[in-house]
Amino acid sequence: MYIVKRLLTMIVTIWLIATLTFIIMKSIPGDPFASDANVLPEEVLQNIRAKYNLDKPLPVQYALYMKNLLTFDLGPSIQSETRDVNTLIADGFPVSAVLGLQSLVIALLFGILLGIIAALNHNRLLDHVAMFLAIIGISVPSFILAPLLIKYFAVEWKLLPVASWGTWAHSILPSIALATTPMAVIARFMRSSMLEVMRQNYIKTAEAKGLSPAAIVIKHGIRNAILPVITFIGPLFAVLITGTFVIEKIFAIPGLGKYFVDSIFNRDYPVILGTTVFFSTILVITLFLVDISYRLIDPRIKLTSRGD
Amino acid sequence: MSHLLEVEHLKVTFPTYGGEVQAVRDVSFYVDQGEVVAIVGESGSGKTVTVQTIMGLIPTKNIKDGNIRFNGKEILHLSKKEMRKLKGSEIGMVFQDPMTSLNPTMKIGKQIAEGIRKHQKLSKAEAKQKAIELLRLVGIPNAEERYHQYPHEFSGGMRQRVVIAIALACNPKLLIADEPTTALDVTIQAQILDLMKDLQKKMEMSIILITHDLGVVAEMAQRVIVMYGGTVVETGTVFDIFENPKHPYTWGLLRSIPNLHDKEKKRLIPIEGSPPDLFSPPKGCPFAPRCPYAMEICVEKSPAEFHISNGHTARCWLNDPRAPKVEAFIAAGRE
């Protein structure tokens, strides 16, 4: 019952996002052919507009778009003659997803580890070192970190390829560059949450059982401390796997990220809508998965909709 | 005959931003095999710190002085690893608040079996069987089903039973109960105390019971330790303490118990004032500022330990033969 209700809300959410995006998008001045207006005769422009249904009144355009959306057809790309939006996503998403998943794994693994180490050495050297690293990770933007990584690992030491996409080696530097900031954020979340948990009475109970410090941290600490991190993973996952403009640009990766930005500059209406709807679908699904994983981690949380 | 537990001249301090808190200052007492000893005293008197030190829950750097002998063996300077062998097997502990003493994300059965597996060479299945037996022992119905439930599915009283089961998992010689009933409803309190009394007889263990409730003391304990300002001010058998108390603080405690059988309505009688500042404890008797009988010497010199009768001691200058005689019960506290 919960799942059915939840799925319905998810569909409504995506529809609302699509509608709002449509309204906002149409209220930006300009159109996809603004730069062609000086070159092409008026009749040709009108013909092109008619081809993409841009000559019709807005409600009709909206209705046509929604109709196509119901059949999972995101429409043609105005910029690209040969590929429609579905193909763009089908080509770019797997690349972005691999990159994003790798970064997520790095960020989680090292972020959680760093946070635990910091918490267990509260106010001692290791804590300060870990939090210093975290602050650097948060404050150094990826467009600075990425060129630095390229300079040393690719150019000077020639360990990894400079850019582009192909083998697994190509994915290492961009994954690290992309993972740094979320890793630092996760480390800080995990530290404060772990500090909180290690002060709880049930940790004293565990100590009184004579358990070793490692057993106490692993069995009683981490599981209770990880909930706030899980909350953060949902949106992070959606952002990472749908591609990021900066990293993909710097490393010349043929992912999905660049379409988010390029399409807006070009007023490529179907691509704007398509990428937004795609992103929100992924986001809504991950949030749903996160809610389910809460239940698995914390037995006190019950998944019920209001009124159940 | 040697005692099961002997605490001698224990001193524990905690560094804070405001200075060093001297939480426990020269505390000595003993507990014999099969005996229930109550520690009473107001909040901040050092009761909990004392028992947590015995349990090895206080970092060794905070323990400034003293000896703790358990079963004839010095345990204060044991390595952490050796101490862990003792904790949960020979000494068990029941905490104050059952609502927060259990891990909310672990099945309660596992929380019991965990300690058993740590100390006894048992298989998973055997440990589970033992945990279920323990659940039955502490009076939890449907133990087999309850084994698989989480703490939030238990009421406060039931949780405290689980906490007791954890503490008893390896048949400890000594059970330390730090205000085990304070967080519970009055009706449940009686059940938990009955259970502890019952188990104490069955398992022939000793109990150190920390409580604020003198009714509980009379019900459960054979001997009483009265603590104030980080020191033991009076100790003796339950009869000594209730019938022949020799310290004005003990008089105050006894007088502050409401009496149901009073014919006329009376106000409760508090002990005026507040406990001493443990950042800079007074050089004399810590109770002197609140004591209606304080003499000059009380402020100047820490009282010696006066032996009233066999096993009954009090740290109060009033017990010196040169001190003026005072009528204990009538004059203690202020009307």
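User: Where should I start with chain A: how far apart are the mean positions of its positive and negative charges?

Analyst: Take the average place of each kind of charge and look at the gap. In chain A, the 25 positive and 19 negative charges have mean positions 14 Å apart. Keep in mind that this is a predicted model.

User: And what secondary structure does chain A have?

Analyst: Count the elements, then read them in order. Chain A has 13 helices and zero strands, and along the sequence the pattern reads α-α-α-α-α-α-α-α-α-α-α-α-α.

User: What span does the C-alpha trace of chain A cover along its principal axes?

Analyst: About 85 × 60 × 30 Å. For the surface, chain A exposes about 15,900 Å², with carbon and sulfur atoms supplying 71% of that area. As for burial, 44% of the 308 residues of chain A count as buried.

User: How do I read its contacts by distance along the sequence?

Analyst: Set aside the pairs that are close in sequence and see what is left. Among chain A contacts between residues at least 6 apart in sequence, 72% join residues at least 24 apart.

User: Which residues of chain A other than glycine have a positive phi?

Analyst: First, the general idea: most residues other than glycine have a negative phi. Asn123(A) is one to look at, with phi near 65°. Asn123(A) sits in the loop between α4 (85–120) and α5 (125–139) of chain A. Another is Ala252(A), which has a positive phi of about 50°. Ala252(A) lies in the loop between α11 (245–250) and α12 (257–265) of chain A.

User: Why does Ala252(A) count as partly exposed?

Analyst: Partly exposed is the range between 20% and 50% relative accessible area. Ala252(A) comes in at 48% relative accessibility, so it counts as partly exposed.

User: Over to chain B. How does helix α6 of chain B compare with the span expected for a helix?

Analyst: Take the distance from the first C-alpha to the last and set it against 1.5 Å a residue. Helix α6(B), residues 156–168, has 13 residues and reaches 18 Å, close to the 18 Å expected.

User: Why call α6(B) largely enclosed?

Analyst: Check the burial of its residues. In α6(B), 13 of the 13 residues are buried, so the helix is largely enclosed by the rest of the structure.

User: What about strands? Which strands does β1(B) pair with, and in which sense?

Analyst: Follow the bridges from strand to strand. β1(B), residues 5–16, runs antiparallel to β2(B), residues 19–31, over 10 bridges. These two strands form a hairpin with two residues between them, and Leu10(B) has Val27(B) as its bridge partner in β2(B). β1(B) is also joined to β4(B), residues 63–70, by six bridges, again antiparallel. In that pairing, Leu5(B) is matched with Phe70(B).

User: Where do the side chains of a regular strand point?

Analyst: In a regular strand they alternate between the two faces of the sheet.

User: Is β10(B) mostly covered or mostly uncovered?

Analyst: Mostly covered: six of the seven residues in β10(B), residues 231–237, are buried.

User: And which strands does β10(B) pair with?

Analyst: One partner is β9(B), residues 223–228, joined to β10(B) by six bridges and running antiparallel. Arg223(B) has Thr237(B) as its bridge partner there. The pair forms a hairpin with two residues between the strands, and Gly229(B) in the turn has a positive phi of about 55°. β10(B) also pairs with β12(B), residues 312–314, in the antiparallel sense over two bridges. In that pairing, Glu234(B) is matched with Ala314(B).

Notes: Residues are numbered from 1 along each chain as its sequence is written. Chains are lettered from A and ligands numbered from 1 in the order in which they are written. This is a predicted model: local features need pLDDT of at least 70, side-chain atom pairs count only at pLDDT 80 or more; totals for chains, interfaces and linings use all residues. Side-chain values use heavy atoms; hydrogens and water are left out. Helices (H or I, at least four residues) and strands (E, at least two) are DSSP runs, numbered from the N terminus. The expected span of a helix is 1.5 Å times one less than its number of residues. Buried means under 20% relative accessible area, exposed over 50%, partly exposed in between (1.4 Å probe, protein chains only). Contact means heavy atoms within 4.5 Å. Accessible areas come from the Shrake-Rupley method with a 1.4 Å probe; for residues, only the protein chains shown count as cover. Lys and Arg count as positive and Asp and Glu as negative; His and the chain ends are not counted. The place of a charge is taken as NZ of Lys, CZ of Arg, CG of Asp or CD of Glu. Two strands pair if DSSP finds at least two bridges between them.
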